[in-house]
Structures are given as structure tokens and as C-alpha cells.
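Q: Please take a close look at the largest pocket. Then follow with the helix contacts, in short steps.

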Amino acid sequence: MEKVRRASHAGSWYTDNPKKLAEELEGWLGASGLSKSSDVRAVIAPHAGYSYSGRAAAYAFGNIDPTNISRVFLLGPSHHHYTPKCALSTATVYKTPIGDLPIDLEVIEELKATGKFELMDIRVDEAEHSMEMHLPYLAKVFEGHLVKVVPILVGALNAENEALYGQLLAKYVDDPNNFFSVSSDFCHWGSRFNYMHYDKKHGAIYKSIEALDRMGMDIIETGDPDAFKQYLSEYDNTICGRHPISVFLHRVQLIFLSSQEC
């Protein structure tokens, strides 16, 4: 029986008008000027409202070549529901204003069988925006292609569990038909976030924030989860997707180690 997750943030975080949404996405993707590449197997993209992040997100999703991809793993942080684990969706389809994305129920069952995942009910699923904000872009990029999604809500994991879930997901990287969409904003700066790190050597506050975020991005590109953990410990940057990114990095690290062993 079909169990639908509504596009619960459409009409507020982004437009619920299908024509307008499609035009916005096409415009942002076109303006990015990026070429599609089959070498791109994962992206880290933001999840703020599209008036803030829509244009920026195109620089991630514009790289995707959908030709040979049949499955997208979505890793998003939990903003409202506390869990020390990762949770799987109980929906069978994710709605967007420009097209529906079916859940890969076979992979959900495989992950569930490990005994390491919780299940999130539809209310928790629909309350969370981190994965939903990727869905319209995925629906647009994969338009005309058969693709299923595997949504994974990543909770407040300790370092041991970040490594554990990285191991559990590692085998799916070997399949070139899989793609990973990791959801994260970066620095949340200001008194409302209780975070006001400012390094005056960079000049204006926004330049200090940019330097801090770029430092984190450079570390992420190394694929070293321990270096990323040290960076977070030292600067406490308010990267809300730190746990999905860390899971991703453990998975990447495992792939690097595997290739070196061959």
C-alpha cells in the first residue's frame, strides 16, 4: 500500500507552484554553467529555504549526470527529532511539486535487517526539512530517468556510530548506479545560534565566516574523518550536517583504504 510523504515545506520554504519551481530550478542550473560528469558520485548541498540557498545548491546538483544512476541515498541531519542512531523512512513515495520520487523499499529492508536503524514515522519525516530541500532538485535533474531514493535521517551520532554507519553504507558506493546526496548548511553565525567566532585577520565578519567554512570544506575534501572531527572540536563551527558528513567521510575513508589494499 502506498504511503506518501507530502512536500510539507512547499509553499513556505520554496514555491508550491510546479511551473514556477521548474523555471527557478532550470534557471539556477543553467546559470551555474557546470558540465555534467559521471565521475561525480556524491554532493554536499545546503537545505535552507530556496530564497537563501536555491542558487547555491545548483552548483552541487548541476554536476550530476543522471544517465547511469538508478538510486540516490539521501543523508540529512535531524533538526527536531532526537535519536542517537540513523532512521529510515516508512514512506513509499516522496512527493514534490514537479514529480514524485519512489523509495527503494528493497534497500530499506536491507538496511533495516542490520538491526542498526530506527524507523521514523511520517510525522517526523514531514517535519524534517533537510532532505526535502534536495528533492525538487533531484526530481528536476533526474527528470525522464527511473530513479529511486533511500532517505536516511542521521541523528546525534557519537564518533563510534559515525564509523559504524559509514561501514554499513560503504558497500553501496561500489555500485556505480548509486549516488549520495548529503544535506548540510555550514556556519550558522550570530547570537541566536550562540556562535560568534570572529578572526579579525580576515577583515569583515563575513570574510571570517567564509574563511572558517572554506577551511572545513578543504578538510572534507581530504576524506579524513578524524581531521574533520578535530576541526569541529577546535572551532566548534555550527555545521548542522556534521554527522551526515562524518558518516560520508568514514565511508570515503573505507573506500580509499580498500583501493590501497588492492
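A: The pocket comes first, and the helix pairs come after it.

This is a predicted model, in which local features need pLDDT of at least 70, side-chain atom pairs count only at pLDDT 80 or more, and totals for chains, interfaces and linings use all residues. Residues are numbered from 1 along each chain as its sequence is written, and side-chain values use heavy atoms, without hydrogens or water.

The largest pocket has a volume of about 1,400 Å³ (the space filled by probe spheres set on its grid points, which are joined across faces, edges and corners). A pocket here is an open set of points on a 1 Å grid over the protein atoms alone, where a 1.4 Å probe fits, with protein on both sides within 12 Å along at least five of seven lines; lining residues have an atom within 4 Å of a point. The lining counts 44 residues, and the closest to the pocket centre are Ile44, Ala45, Ser184, Phe186 and Met217. Four elements each give two or more residues to this lining: strand S2 (42-45), helix H2 (50-61), helix H7 (205-222) and helix H9 (242-261) (helices, H or I, of at least four residues and strands, E, of at least two are DSSP runs, numbered from the N terminus). H7 gives the most, with eight residues. By class, the lining holds 26 nonpolar, nine polar and nine charged residues (nonpolar: Ala, Val, Leu, Ile, Met, Phe, Trp, Tyr, Cys and Pro; charged: Asp, Glu, Lys and Arg; polar: the others, Gly among them).

Now stay with H7. It packs against helix H8 (residues 225-235) at an angle of about 160 degrees, with the axes 9 Å apart (axes are lines fitted to C-alpha atoms over the stretch in contact, and angles run from 0 to 180 degrees between N-to-C directions). That angle makes H7 roughly antiparallel to H8 (under 35 degrees is roughly parallel, over 145 roughly antiparallel, 65 to 115 roughly perpendicular, the rest oblique). The crossing is right-handed (the near helix is turned clockwise from the far one by less than a right angle; anticlockwise is left-handed). H7 brings Leu212, Asp213, Met215, Gly216, Ile219 and Ile220 to the contact, and H8 brings Ala227, Phe228, Tyr231 and Tyr235 (contact means heavy atoms within 4.5 Å). By class, these are eight nonpolar, one polar and one charged.

H2, which also lines the pocket, has a partner as well. Its axis and that of helix H1 (residues 18-32) come within 8 Å and cross at roughly 50 degrees. That makes H1 oblique to H2. This crossing, too, is right-handed. From H1 come Leu21, Leu25, Trp28, Leu29, Ala31 and Ser32; from H2 come Tyr50, Gly54, Arg55, Ala58, Tyr59 and Phe61. Nine are nonpolar, two polar and one charged.

Last, look between H1 and S2. Val40 sits in that loop. It touches Asn63 and Phe179, leaving aside residues up to four places away in sequence. Val40 and Ala60 are 20 residues apart along the chain, and their C-alpha atoms are separated by 9.7 Å.
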